[in-house]
Amino acid sequence: MAATPLLELNGINKAFGPVQVLHDVSLSVYPGEVTALVGDNGAGKSTMVKCISGIYQIDSGTVTFEGNQVAIHAPSDASALGIEVVYQDLALCDNLDVVQNMFLGREKKRGIVLDEPTMEQMAGDALASLSVRTLKSLRQLVASLSGGQRQTVAIAKAVLWNSKVVILDEPTAALGVAQTAQVLELVRRLADNGLGVVLISHNMNDVFAVSDRIAALYLGRMAAQVKTTDVTHSQVVELITGGRSGNIGLPPEKPADFGGDVVDITPGGDK
Amino acid sequence: MAATPLLELNGINKAFGPVQVLHDVSLSVYPGEVTALVGDNGAGKSTMVKCISGIYQIDSGTVTFEGNQVAIHAPSDASALGIEVVYQDLALCDNLDVVQNMFLGREKKRGIVLDEPTMEQMAGDALASLSVRTLKSLRQLVASLSGGQRQTVAIAKAVLWNSKVVILDEPTAALGVAQTAQVLELVRRLADNGLGVVLISHNMNDVFAVSDRIAALYLGRMAAQVKTTDVTHSQVVELITGGRSGNIGLPPEKPADFGGDVVDITPGGDK
Amino acid sequence: ACGDDSGSDSGSSGGGSTAAGKVGIILPDTKSSQRWGTDDPKFLKAAFDAAGVPVEIQNAQGDKTQFQTIADGMISSGVAVLMIVNLDSGTGKAVLEKAKKAGIATIDYDRLTLSGGADYYVSFDNVKVGKLQGEGLVKCLEDKKYVKPVVAELNGSPTDNNATLFAEGYDGVLDPKYADGTFQKGPNQDVPDWDNAQAATIFEQMLTSNKNIKGVLAANDGLGNAAITVLKKNKLNGQVPVTGQDATVQGLQNILAGDQCMTVYKAIKKEADAAAELAVALAKKQKPTTATGTTKDPESGADVPSVLLDPQSITKETVKDVIADGFVTKDAVCTADFAKFCTEAGIS
Amino acid sequence: MTTTTTTAGGVKVVKPTVTSYINDYWGRVRGGDLGGLPAILGLVVLSLIFGVARDTFFSGLNFANLFNQGAIYIFIAMGLVFVLLLGEIDLSAGYTSGVCGAVVAILLTNHGWDWYTAIPVALLTGIVIGFGLGFLVAKIGIPSFVVTLAAFLGFQGVLLVLLGGGTNISTRNEFFNSLNNDNLSVSWSWILTIVAILGYAAAQFSRVRSRAARGLVTDPMGIVLMRIGGLAVLLIVATAILTQERAINPAINSLKGVPIVVPIIGFFLVLWTFVLGRTSYGRHIYAVGGNTEAARRAGIPVDRIRISVFVIGSFMASIGGLMAVSRASSVDPNTGGSNVLLYSVGAAVIGGTSLFGGKGKVINAVVGGAVIAVIDNGMGLLGFSSGQKFIFTGVILLIAASVDALARRRAAATGNR
Amino acid sequence: MTTTTTTAGGVKVVKPTVTSYINDYWGRVRGGDLGGLPAILGLVVLSLIFGVARDTFFSGLNFANLFNQGAIYIFIAMGLVFVLLLGEIDLSAGYTSGVCGAVVAILLTNHGWDWYTAIPVALLTGIVIGFGLGFLVAKIGIPSFVVTLAAFLGFQGVLLVLLGGGTNISTRNEFFNSLNNDNLSVSWSWILTIVAILGYAAAQFSRVRSRAARGLVTDPMGIVLMRIGGLAVLLIVATAILTQERAINPAINSLKGVPIVVPIIGFFLVLWTFVLGRTSYGRHIYAVGGNTEAARRAGIPVDRIRISVFVIGSFMASIGGLMAVSRASSVDPNTGGSNVLLYSVGAAVIGGTSLFGGKGKVINAVVGGAVIAVIDNGMGLLGFSSGQKFIFTGVILLIAASVDALARRRAAATGNR
Ligand SMILES: Nc1ncnc2c1ncn2[C@@H]1O[C@H](COP(=O)(O)OP(=O)(O)OP(=O)(O)O)[C@@H](O)[C@H]1O
Ligand SMILES: Nc1ncnc2c1ncn2[C@@H]1O[C@H](COP(=O)(O)OP(=O)(O)OP(=O)(O)O)[C@@H](O)[C@H]1O
Ligand SMILES: [Mg+2]
Ligand SMILES: [Mg+2]
């Protein structure tokens, strides 16, 4: 289908001190498609997202964007390329209000003065499209929002901009029924508009509902990247929990490979 | 079924400054049962939990525990009564490690010295029972955990203690497939052991899988508290999104009641 | 450059050799008076260089912990003579005792360490300084022919023992005047850290609450200048006599302009030379001959062999003496704004 | 209550009336959202205490003194607000002001420069210092406490070296000395007062108009008029008091008019309030102070912001230094030392700026500086001994802060923290 | 590599070997988890600089001086670590030490009390002061910066009043003056050294044994032995140097042995390290400092913890005050003033304690205090003029901090912040 990938990762490695979190991970994101990134807790999904967006520096590997190899050293590099991210740890400024957070770093201005009316209006529009019903005011501080309201703000913030790739890290985790439906619809709409979308989720129903491809991470390794139509629900769960399912996935586990990682739960005594 | 409620709230009101978040809310929690608390984003579920646990002071209303009216002014009052809470905003100390967080405020001691070996062992046991697979070490700082790992730690922390009521605020939001199953099983097991359990969740499948009763909050009002067996999936969704379904739920909406709350999204200009 | 080590020390320890041992000097601070920062290091260095005796001069910057640290350092680097200006008698005594234990000769410079048991004492009499200030103010007020003038006092830092001594001096002059009704006692405040900015605020408030102030006993030129600034703002400068101390350029200029009535000049060079002479003799293991006087230690009752010098009161007429003495240069004082006054005062 | 509903961003909104607006405000106050109220309350309480103790406290002369005395702390505190907003600290601000003051005095007096060349050089010195501090903090990554502690020591030394080891240098430049000593003429006093009121009114109306044009909710016109009226009354009363004759001896010398330093404070208050509240740069400062990581993820150049606040901090400190030197007409090794730093940080903090970043306004520095100035001024009138004075200053400071703390306790009780 | 696997808590574990342990440690260091290394590195760099500039720096006499000189800062900084761990600040610690010092001096000298009655009263004074500060911060809710700024001013006044307005009081009690001036006898020096080494070894072994008994992973025995050996070598070398004759003129007066203040520092270092690391109280301090809200939800009595750290802070400040007075054999209105406070906070921060709470150890205060003492001591040996000295002190402090900051930059780069 889609010709060349919009964003391509190749052989990405990332370690925190002695802990190797990503091993040789590759991923392709195609325009007009939703790529679901799945994996167990602590598999490395969020770490991978942060590597793409420049929050973490990768140890080795290449990132290719629209066919050109790019180096992303800071979040501003990523947004300059047109990569927009909704982080799992939402990264909102508690001391700012909803509108201020949504336009953070990209304020609308008239001359040098902030154009508050425009921003307020745009923010209102974006939130209204996400079925927000209980927000008391657009000028409420983010600190006082409920879990779901915070998440909605973070999502609305990311879709305000004309970007090429949108990455959402568990965007619906805290959302109610209606809001979840809206977000999934939004995700589909973004892809249909030709963007590349990466959706991280633990909810298989959501994944199968909107994604075109599924990439499964297992203990920091990419177990498989497959078309959604080619796999079943239970196959994906097997990939997530075991790293392989039938003939797709990682080669059979050799104890030497994972032994240390899996079992080593109390090393080195306390500090 | 269950004789008297273990925990009973009556006519609880709570406002933050001019914003009334809970209106006259009542709730009963029975021993041996799982009560699911559902509601839209911002309905007031977390606020209610924090009122029960003494983080917020209620403006009016009564709390009855095991038949006696109690006043809960601080979290320590709640835990003294035997109420254990897993908060949505997880409330872990980032600068402490997993074991230290799990035993915070209730450290095991030998004489005046902390009994680290015992705590480490108990923490390991509790986590193992929750299918934790990727935690590198029990001595890892909580700051470096993945979203799901943090959530598991928070849950494990709450079930370490012999409590009478356990309240879980969206405990499975960030969890993977296997871990979610484990947590639901744990919730059921706690209730079967005679505890009163309150489970807040946006996932209807989970709610119907484990709960005995469902309480639905709608815009800060208790829309209905019903037996799970008496309602259908879609009825509950209607309660959540509209506050009523057929003849259960709140009386038909009068604009004067909710008008202000729902529509007032940009009052008073910016500050 | 002023306090820099002469570099001629080769780690020589308190010397049985024929060469003179090194002399260590600790000055107290840089804030109570400009002399410790500029004048003393300059004159002392010059005197020791002339005598060919190595010297190390350090300033404790008002910090007694540092004072002791410096002393420890000098003692461990093996000086033959230790000369100190104590920050307070307690620390001074601790240092002197340590030095004596190490067999080092000691000199109290400018301030006597009570019960310190220093071998020699070189100083101006600080109470005398205060006395001159008091007498100067009395004269200026009498010249103005004010009746029962209100006198405000701006004392030095409450934590500086010297400020207490100055106050003892001028209060000795003023108190009888207050008592017999010639003068009227006005507000009396200490200025923390001798801080000029605070002095301005303090004096401004004195003037606000007591508009009849007719004379200001300011403990040094900096405090005096602060008072003069406030007086200027109220166009009262020149009418309200202000005292000072240290014969700074600023003070002398204020005197020439008629805003300040007097300052006290301590011939620091003479004091430094006298101290250096003593120290050089001690460093060369000779018996000094210059310490002809004695000072009674009021605490221990011991008589300390002393060289005592006299402070000098400076008014408009005697500004030229300070310049003649080389303490300040004519160029520094007689800038464009003041050339006229200089000629008036007979400075050429 | 007529509630006209319009649409903004597709969401229905309710147009507030004067009554609903006041109810809303009162609800917020009762809920603990007090803004600058407690600090102002503290100021009033203090003034009453001193006014009762000494009636000269309320004299026009003393009122004018307050501005000259507090200006130094206010300027330094204004700069510190920026530094504190980022959760950083600048311990060297006091001596930075001293160094810049020494630079200007040396240029004016020793080198005979004119004020219009000497002042810019001194301000530039401040900017360079701030850049250096900011660079060490942001780029090398040394904690600001340590960098500025080192600078605190270092600049103390620089000041000594500049002053040749401890001499005092007098400034004799008329214009320069007038800055923090003299007053505007009566007519200029009134002109500036009127301009300030008209400017504020224009800003308020234009805001209402631009929001109304968008169909967004606006503050009710009654409230807008009340705000403008309130400011007008305040400024006019103050100007009226300050344009009275207040000379000690009016026969010799007339003393009236608004102190020159007041419009300077006003200028910087407006400037920095505008920068913090209405520009994206200001927004970014709050963001970095509130959540550095979130700001970084939003693409904000965190390092550059960090450097810039130190530049602003040291720049304002240099102005404070100029004012200190102007007021004393001289500079000495203690200029900017002693209590200047702690008083300035105290001014910012008492006004309501958080030491942990993300919370604070420039007006805080002015109100806090006023609290400090009133304490200093009042203590000066009471004529205690030095020891007692220190003790009472501490106690009074504590009283002012308690008013604030107790007023805010409601806030904690209702969960708004 | 033999990896014996045992079971703990139902989870399989790998038993580390000496090699794997060292690899692990090295991995952590390369990943930026440096612990106290940079501060120690800074200390070494400084010592080398001063040692090269002046060879007396490395003399036994100077080494012994270091302890007496640094003790004051170290004691105050130890207490400040507790306050800083909660993200609070105590600006009054310096003058608290001064007030307690004045109390002891007045009791000893003016009232002729004996040291064993006077010292407890002074320490009690510190405790009462700390309780007052903590109460105002925790219960009234005034920010600690403001409370302790008020106390800073107030105690300065109290000190002046106690000392009758500027005099100084000498202490003549032999025992008291010996505390921070004299040395242990050579035999006692060695006895305490041996006791310290044996105590450490016993603690290490008992820990290994209790973990092994539970079937938990333990540090490899090789590593444990290396640790004990390392400490032993360090202590023995230091004791050996300090028990050499170091008098300038041994004929007049012999000077040898470990300074008395060293075991006192050691005692509090062990005590507070134990409290912070091995008791639930210590754990709660870290929790409150890391996330007050989480601590509160865990049922920790946050207010009581907050008060207690101020009590510990002021208590340690009172000990610092006693040491300052003992060393000077006198107290004056400047005791605990001037740079004492900033140096002490600096000591804690340079050692690696965060001003934002939740991060820090008592050993930080000792290492940081050593850095401060070395700078002060070294600058004293170099003989600069006063202005230059301030400047160089600042520069040197900056160098020491840069070593730290640059070493930690790797940490930032790998995301471990
Ligand atoms: N700064 C860090 N230092 C050390 N280890 C880290 C750090 N950040 C993450 N890790 C570890 O890396 C692993 C992957 O974390 P990551 O957050 O990427 O997981 P995830 O796939 O997003 O999981 P979840 O579904 O729970 O969000 C986890 O085991 C985590 O403990
Ligand atoms: N401190 C506060 N100040 C003002 N409003 C608040 C505060 N805390 C919560 N609110 C408001 O109260 C309402 C209820 O919040 P709450 O967190 O209880 O929702 P919730 O039901 O838990 O929602 P979610 O499912 O999204 O977690 C929200 O509209 C929120 O904005
Ligand atoms: Mg994640
Ligand atoms: Mg919630």
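## Two ligand sites, two magnesium ions and the cores around them

A polar side-chain atom of His202(B) sits 2.9 Å from an oxygen atom of ligand 2. That's a handy way into this predicted model, so let's stay with ligand 2 for a moment. Ser46(B) also puts a polar side-chain atom 2.6 Å from a ligand 2 oxygen, and Lys45(B) has a polar backbone atom 2.7 Å from an oxygen of ligand 2. Taken on its own, ligand 2 has 640 Å² of accessible area, and the protein covers 93% of that. Two elements give two or more residues to the shell around ligand 2: α5 (147–159) of chain A and α1 (45–52) of chain B.

Where does ligand 2 lie? It lies between chains A, B and D. There are 24 residues around ligand 2, and those that come nearest are Ser146(A), Gly148(A), Lys45(B), Ser46(B) and Thr47(B).

Now for ligand 1, which lies between chains A, B and E. Here, too, 24 residues surround the ligand, with Lys45(A), Ser46(A), Thr47(A), Ser146(B) and Gly148(B) coming nearest. The shell around ligand 1 gets at least two residues each from α1 of chain A and α5 (147–159) of chain B. On the polar side, the side chain of Asn41(A) has an N or O atom 3.0 Å from an oxygen of ligand 1. The side chain of Ser46(A) places an N or O atom 2.6 Å from a ligand 1 oxygen, and a polar backbone atom of Gly148(B) is 2.6 Å from an oxygen of ligand 1. The protein covers 94% of the 640 Å² of accessible area that ligand 1 has on its own.

Here are the polar contacts side by side:

| Ligand | Residue | Protein atom | Distance to a ligand oxygen |
|---|---|---|---|
| ligand 1 | Asn41(A) | N or O, side chain | 3.0 Å |
| ligand 1 | Ser46(A) | N or O, side chain | 2.6 Å |
| ligand 1 | Gly148(B) | polar, backbone | 2.6 Å |
| ligand 2 | Lys45(B) | polar, backbone | 2.7 Å |
| ligand 2 | Ser46(B) | polar, side chain | 2.6 Å |
| ligand 2 | His202(B) | polar, side chain | 2.9 Å |

Next come the metals. The magnesium ion that is ligand 3 has Ser46(A) (OG) and Gln88(A) (OE1) as its protein donors, 1.9 to 2.0 Å away. Those donors come from distant parts of the chain, 42 residues apart: Ser46(A) belongs to helix α1 (residues 45–52) of chain A, and Gln88(A) to the loop between β6 (83–86) and α3 (98–102) of chain A. Ser46(A) counts as buried because its relative accessibility is 18%, under the 20% cut-off. Gln88(A), at 21%, counts as partly exposed.

Over in chain B, the magnesium ion listed as ligand 4 has protein donors Ser46(B) (OG) and Gln88(B) (OE1), lying 1.9 to 2.0 Å from the ion. Ser46(B) is in helix α1 of chain B and Gln88(B) is in the loop between β6 (83–86) and α3 (98–102) of chain B, so the pair ties together distant parts of the chain, 42 residues apart. Is Ser46(B) buried or exposed? Its relative accessibility is 18%, so Ser46(B) counts as buried. Gln88(B) is partly exposed, at 21%.

Back to helix α1(A) for a second. Eight of its eight residues are buried, so α1(A) is largely enclosed by the rest of the structure. The buried residues are Lys45(A), Ser46(A), Thr47(A), Met48(A), Val49(A), Lys50(A), Cys51(A) and Ile52(A). Just after α1(A), Gly54(A) adopts a positive phi of about 85°.

What about the nonpolar cores? The largest one has 273 residues, and the members touching the most others are Ile83(A), Phe75(D), Met78(D), Trp272(D), Met78(E) and Trp272(E). Leaving out residues up to four places away in sequence, Met78(E) touches Ile265(E), Phe268(E), Leu269(E), Trp272(E), Met316(E), Val362(E), Ala365(E) and Val366(E). A second, separate core of 53 residues includes Ala105(C), Tyr265(C), Ala276(C) and Phe338(C).

Finally, the chains. Eight pairs of chains touch, and chains D and E have the most contacts. Chains A and C don't touch, with their nearest C-alpha atoms 37 Å apart. Chains B and C have no contact either, and their closest C-alpha atoms are 37 Å apart. Within chain D, Leu231(D) lies in helix α9 (residues 221–242) and is partly exposed, at 26% relative accessible area. The C-alpha atoms of Leu231(D) and Ser385(D) are 40 Å apart, with their positions 154 residues apart along the chain.

How values were computed: Residues numbered from 1 in each chain as written. Chains lettered and ligands numbered in written order. Predicted model: local features only at pLDDT ≥ 70, side-chain atom pairs only at ≥ 80, totals over all residues. Heavy atoms only, no water. Core = buried A, V, L, I, M, F, W, Y, C linked by side-chain atoms within 4.5 Å. Buried < 20%, exposed > 50% of the residue type's maximum accessible area, 1.4 Å probe, protein only. Contact = heavy atoms within 4.5 Å. Donors = N, O, S within 2.8 Å, 3.2 Å for Na, K, Ca; no water. Helix = DSSP H or I, 4+ residues; strand = E, 2+ residues; numbered from the N terminus. Near = heavy atom within 4 Å. Polar contact = N/O pair within 3.5 Å; in protein donor to acceptor, adjacent residues only side chain to side chain. Areas by Shrake-Rupley, 256 points an atom, 1.4 Å probe, with all protein chains shown as cover.
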